[in-house]
Amino acid sequence: MSDYRPPLRDIRFVLENIVDLEGLSSYPGFEHVEAEDVYDALDEAGRFLAEVVAPTNPIGDSQGITRNEDGSVIVPDEMVAAYKQFVEAGWAAIKGDMEYGGHGFPGVMATAIQEMLTASNMAFSLCPMLTTSAVEAFQNHGSEELKATYLEKLISGEWSGTMALTEPEAGSDVGALRAKAWPEDDGTWRVQGTKIFITWGEHEMADNIIHFVLARAPEAPPGIKGISLFLVPKYLVNADGSLGDRNDVECIGVEHKLGIHASPTCVMAYGEQHGAVAYLVGEVNAGMRCMFTMMNDARLHVGLEGLGLSVRAYQQALDYAKERRQGRAIGSPKDQSSPIIDHPDVRRMLMTMKANIEAMRALILDTSVASDRSERGADDETRLAGTNRAALLTPIAKAWATDLGVELTSLGVQVHGGMGFIEETGAAQHWRDARIAPIYEGTNGIQAMDLVMRKISLANGKVVADYLDEMDATAAELMSSENGLRSMGESLREAVSGLRETTNWLLDSSNPNDGLAGATPYLRQFGVVAGGYYLGRSALIAHNLLEGNGDDPWLRAKIDTSRFYADQILPQAAGSAPAVMVGVDQLFAIDGDLLAQ
Ligand SMILES: Cc1cc2nc3c(=O)[nH]c(=O)nc-3n(C[C@H](O)[C@H](O)[C@H](O)COP(=O)(O)OP(=O)(O)OC[C@H]3O[C@@H](n4cnc5c(N)ncnc54)[C@H](O)[C@@H]3O)c2cc1C
């Protein structure tokens with residue numbers, strides 16, 4: 001089991017060069033943000049997470065959680081202690097509104113910290129992650145009165161938040177949910193219903209749990225148009241802010257899972273006795289709008305899970321590959337076996353992990369900064385451009401990165417050979433933990449449908465067209481540069497041209513079922529090409545920095561990693577294209593009954 005080493009140099013490279021962190025300080029509300037302060041804080045966060053949170057990861061996996069007869073849920077002591085320190089050090093409040101005790105830093109900084117938190121202990125990270133996403137919705141849609149009571153403690157992390165949508169008959173189809181809500185004379189509401197799979201639905205790590213529950217008000221229209229959002233506290237809060245009576249909210253079961261053993265996945269009964277006291281957030285029947293604010297944030301952070309776990313798996317595989325000796329690499333001394341890192345096939349696995357990790361990180365931080373622009377941009381045009389860019393990239397960041405998370409953590413197991421299959425090395429935990437990320441927060445199939453049916457047609461296709469043009473401009477820049485970057489430009493140009501073709505085919509298609517059939521390969525193609533774009537830009541920047549500052553092995557490695565991606569990963573995008581455009585009929589060519597044979 002190796003220690004976690006926060007990838008601070010690469011995070012800083014992306015923030016400085018791809019995201020233009022310094023430029024953010026010109027946005028209203030970010031005037032206090034000094035880039036150097038952000039980098040210092042990230043160094044500090046990385047140190048804290050590696051020292052305090054990362055060691056709890058194997059403990060959480062092996063011990064898991066327990067539910068007592070009284071419905072309480074116990075998580076390992078080491079994680080409770082780490083959470084207290086996390087909150088006291090202020091790491092939960094990075095992005096929160098300063099009016100409510102937050103630090104008011106850009107979301108992209110919180111995203112960078114969340115990557116390191118997830119890599120340190122994914123099960124643990126879900127608690128602050130869901131709280132932050134709940135805060136996002138609540139800040140935007142909650143009444144001033146509710147915010148005065150709940151927001152500060154949610155931002156600080158003293159109280160945690162949940163997101164309670166799923167019911168047995170309402171998974172991907174949220175509109176099918178049945179939990180009901182009714183108003184009381186005193187202006188409060190009551191909620192009644194059972195929700196399943198509620199992450200961190202019950203625990204004692206925080207003093208109170210604030211559930212954000214979707215339910216139907218009386219006479220609500222069917223489907224998603226009839227859903228409202230309610231705040232349901234575990235403990236009611238007295239007028240002076242102290243904790244009052246226990247609300248009618250109970251954890252009636254916990255799931256036993258493939259991974260994230262230390263994250264309680266709860267069956268929650270709301271209001272089984274007499275209705276749980278609840279407060280309406282936003283308007284009646286406008287719950288999905290509020291929830292989307294929460295889900296967009298959460299989707300990006302789930303994408304980060306693919307990234308964070310890949311990093312942890314990569315570091316572990318790299319350490320193992322340097323130590324483990326087997327066979328003799330060609331050209332090595334005759335009388336001794338070689339470390340497996342000297343074998344080309346092991347190098348291929350490690351380079352595949354490294355290159356995809358760097359590509360994912362750039363995409364995710366770029367998506368996050370687009371969200372910052374959407375909230376804080378100086379004018380309407382900038383804000384709208386940020387909103388549209390974030391809307392386009394979020395499903396890709398979520399689904400491409402989490403599919404890669406499963407693939408790369410699996411490669412991490414493979415590098416270990418047989419020992420990867422043995423739990424004590426810890427390699428398998430990353431793979432088991434990674435497997436949930438393509439499923440929750442909208443399955444990756446649902447993300448692909450979102451991309452094809454809603455996102456590429458944004459502003460009549462202009463949003464995606466602008467992004468494709470940016471990619472083409474980078475390809476042209478690479479092609480006109482010297483020192484071996486030209487071939488990278490050619491690969492990128494070809495890949496972008498293929499993506500333009502499938503995008504136009506989807507936009508022009510008259511049968512929506514064809515688009516749905518091609519959605520998943522299209523999202524994959526998009527992710528692979530976007531990765532090539534960010535690494536192409538990275539190579540150009542590294543090349544320019546090297547010219548100005550003499551030799552720097554880290555920058556040379558950045559160029560070599562980008563070249564590996566352009567030569568060995570980017571061409572895979574073309575392989576997805578036929579499946580995008582083949583149409584739906586092939587998928588249904590075999591009659592349902594014959595599928596069994
Ligand atoms: C560990 C864990 C934690 C979770 N945490 C939370 C939480 O905190 N809060 C919460 O509310 N929920 C949570 N969930 C629920 C999670 O979001 C759902 O499991 C997920 O949305 C999928 O729903 P489902 O399980 O009902 O699958 P289904 O909707 O039954 O999907 C099954 C398959 O069918 C596909 N499918 C479904 N509908 C369509 C369609 N229209 N077109 C094409 N394909 C389709 C899906 O992509 C999937 O492959 C959690 C789940 C787990 C396992």
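This is a chat about the ligand site, strand 11 and helix 6 of a predicted model.

User: Let's start with the ligand. How many residues surround it, and which are the closest?

Analyst: The ligand is surrounded by 18 residues. The closest are Met-163, Thr-166, Ser-172, Phe-197 and Thr-443.

User: What is the shell around the ligand like by class?

Analyst: Ten residues of the shell are nonpolar, six are polar and two are charged.

User: Which helices and strands each supply at least two residues of that shell?

Analyst: Strand 3 (159–164), strand 5 and helix 13 (444–455). Strand 5 gives the most, with three residues.

User: Polar contacts next. What lies 2.8 Å from an oxygen atom of the ligand?

Analyst: A backbone N or O atom of Leu-165.

User: And which residues have an N or O atom by a nitrogen atom of the ligand?

Analyst: Thr-166 has a side-chain N or O atom 2.6 Å from a ligand nitrogen. For Phe-197 the atom belongs to the backbone, and its distance to a nitrogen atom of the ligand is 2.8 Å.

User: How much of the ligand's accessible area does the protein cover?

Analyst: On its own the ligand has 970 Å² of accessible area, and the protein covers 61% of that.

User: Back to strand 5. Which way does strand 5 run relative to strand 11, parallel or antiparallel?

Analyst: Antiparallel; strand 5 (residues 189–199) and strand 11 are joined by five bridges. In one pairing, Thr-194 has Ala-269 of strand 11 as its bridge partner.

User: What about strand 10 and strand 11, how many bridges there?

Analyst: Five bridges, with strand 10 (residues 249–254) also antiparallel to strand 11. Cys-251 stands opposite Met-268 of strand 11.

User: Is strand 11 mostly covered or mostly open?

Analyst: Mostly covered: six of the six residues in strand 11 (residues 265–270) are buried.

User: Which residues of strand 11 point which way?

Analyst: Thr-265, Val-267 and Ala-269 point one way, while Cys-266, Met-268 and Tyr-270 point the other way. Residues on both sides are buried. In a regular strand, side chains alternate between the two faces of the sheet.

User: Switching to helix 6. Why call it largely enclosed?

Analyst: Because 14 of the 14 residues of helix 6 are buried, the rest of the structure largely encloses this helix.

User: How does the span of helix 6 compare with what it should be?

Analyst: The two agree: at 1.5 Å a residue, the 14 residues of helix 6 (residues 107–120) should span 20 Å, and the end C-alpha atoms are 20 Å apart.

Technical notes:
Residues are numbered from 1 along each chain as its sequence is written. This is a predicted model: local features need pLDDT of at least 70, side-chain atom pairs count only at pLDDT 80 or more; totals for chains, interfaces and linings use all residues. Side-chain values use heavy atoms; hydrogens and water are left out. Buried means under 20% relative accessible area, exposed over 50%, partly exposed in between (1.4 Å probe, protein chains only). Helices (H or I, at least four residues) and strands (E, at least two) are DSSP runs, numbered from the N terminus. Two strands pair if DSSP finds at least two bridges between them. The expected span of a helix is 1.5 Å times one less than its number of residues. A residue is near a molecule or strand if one of its heavy atoms lies within 4 Å of it. A polar contact is a pair of N or O atoms within 3.5 Å; within protein, one must be able to donate a hydrogen and the other to accept it, and residues adjacent in sequence count only if both atoms are side-chain atoms. Accessible areas come from the Shrake-Rupley method with a 1.4 Å probe; for residues, only the protein chains shown count as cover. Ala, Val, Leu, Ile, Met, Phe, Trp, Tyr, Cys and Pro count as nonpolar, Asp, Glu, Lys and Arg as charged, and the others, Gly among them, as polar.
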